[in-house]
Amino acid sequence: MPTTTTDIFTEKIERDLAIEPRDPMPEEYRRHLMRQISQHAHSEVIGMQPEGNWITRAPSLRAKMILLAKIQDEGGHGLYLYSAAETLGISREEMIEQLQTGKARYSSVFNYPALTWADIGAIGWLVDGAAIVNQVMLQRTSYGPYARAMVRICKEESFHQRQGYEIMAKMAAGTPEQHEMAQDALNRWWAPALMMFGPSDAESLHSKAAFQWKIKRESNDALRQKFIDKTVQQTEVIGLKVPDPNLRFNAETGHYETSPLNWDEFHRVINGDGPCNRQRLEHHRKFHEEGRWVREACQC
Ligand code: FAQ
């Protein structure tokens, strides 16, 4: 029979029972989750920007409606996640301040520009595709509000992934110029999508604690490999080529092998020096300020 609050927490973790907001939990567990969930929420919200740029330039009414719905979904995901983080005792204002002052991160991938319509396909297919692989695991994360948010988010991300793949498949089967645009988008988004899974297991700072508390159930490298194995096959089906001269299938392991990633670039991007970091935060600050009157009116 557990007696101390630490024992109660440890027993729940060992028995795979969800930790709920009012349960006792170590301060480090609470802080770890506040960091991860708020960064996840910021990623969803900042992630609306590269796609938002293309709403007015979508090539058909159908494409525009689908893109609008997808971007709205991402905003909704941010809201579920901010609410989940709030249950740990941090306010929305604090989280936004951490984002805007650079104290909190958001996914590296959203610091790359969406240059053509094919990039919208690549974002849905690869970025949402990578997000799903990570989030399917997080459906079983130990913190109840986070795990439950993930169930709904994963359903919506599957639709996002398919709409992106459809755009890529259509462009790949189109005119030679359209095929080239699709290949160019894949070339530019491949490595940033692989970096979404975080540093290699050997370099990951938080993985040890995350495994101990069952926040993470699979490692950064294991999830990255899962994504590679799925995506290489999808690439072949639509007649595109993975932009990696060292890509090869290892029949013994049953996995694809790829070139090492450019981790210097990853560190530059997560530390604020990617192609669009400044633009993303300036845009967020501007529209957050413009919405101040709405927040104030809601408080009356
Ligand atoms: N970008 O020790 P680890 C989406 C940081 S949602 C930026 O391995 P951890 C939907 C990490 O924070 C995409 N920073 O860290 C969508 C830590 O720094 P810190 C977002 C990164 O937490 C689609 C340091 O490096 N998904 O795309 C990144 O164990 C389309 C050391 O790393 C999530 O956030 C990175 N890629 O593992 C929306 C999933 N990787 O915090 C719109 C939830 C690492 O000490 C359009 N998060 N860092 O300053 C996670 O699963 C984990 O937090 C990881 C990182 C896997 C991201």
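This report walks through three helix packings and the ligand surroundings in a predicted model.

## H2 against H4

Let's start with helix H2 (residues 27-46) and helix H4 (residues 61-86), whose axes come within 8 Å and cross at roughly 160 degrees. Angles over 145 degrees count as roughly antiparallel, so H2 is roughly antiparallel to H4. The crossing of this pair is left-handed.

On the H2 side, the contact is made by Met34, Ile37, Ser38, His40, Ala41, His42, Glu44 and Val45. H4 answers with Glu74, His77, Gly78, Leu81, Tyr82, Ala84 and Ala85. Sorted by character, the residues of this contact are 8 nonpolar, 5 polar and 2 charged.

## H4 against H6

H4 also packs with helix H6 (residues 117-138): here the axes come within 13 Å and cross at roughly 40 degrees. Angles under 35 degrees count as roughly parallel and 65 to 115 as roughly perpendicular, so H4 is oblique to H6. H4 passes H6 in a left-handed crossing.

From H4, the residues Ala63, Leu67, Lys70 and Glu74 meet Trp117, Ile120, Gly124 and Asp128 of H6. The contact of H4 with H6 holds 4 nonpolar, 1 polar and 3 charged residues. If Glu74 sounds familiar, that is fair: Glu74 of H4 is listed in the contact with H2 and in the contact with H6.

## H2 against H7

Back to H2, which packs against helix H7 (residues 144-172) at an angle of about 25 degrees, with the axes 13 Å apart. That angle makes H2 roughly parallel to H7, and the crossing is left-handed.

In this contact, Leu33, Gln36, Ile37, His40 and Glu44 of H2 meet Tyr146, Met150, Ile153 and Glu157 of H7. The residues divide into 5 nonpolar, 2 polar and 2 charged. Some H2 residues turn up twice: Ile37, His40 and Glu44 take part in the contact with H4 as well as in the contact with H7.

## Around the ligand

Now for the ligand, which has 35 residues around it; Arg105, Ser204, Leu205, His206 and Lys216 come nearest. Two of these nearest residues also have polar pairs with ligand oxygen. A side-chain N or O atom of His206 is 2.6 Å from an oxygen atom of the ligand, and a polar side-chain atom of Lys216 lies 2.7 Å from an oxygen atom of the ligand.

Met195 offers its backbone instead: a backbone N or O atom of Met195 lies 3.2 Å from a nitrogen atom of the ligand.

Definitions and conventions
Residues numbered from 1 in each chain as written. Predicted model: local features only at pLDDT ≥ 70, side-chain atom pairs only at ≥ 80, totals over all residues. Heavy atoms only, no water. Axes fitted to C-alpha atoms, helices over the stretch in contact; angles between N-to-C directions. Helix = DSSP H or I, 4+ residues; strand = E, 2+ residues; numbered from the N terminus. Left-handed = near helix turned anticlockwise from the far one by under 90°. Contact = heavy atoms within 4.5 Å. Nonpolar A, V, L, I, M, F, W, Y, C, P; charged D, E, K, R; others polar. Near = heavy atom within 4 Å. Polar contact = N/O pair within 3.5 Å; in protein donor to acceptor, adjacent residues only side chain to side chain.
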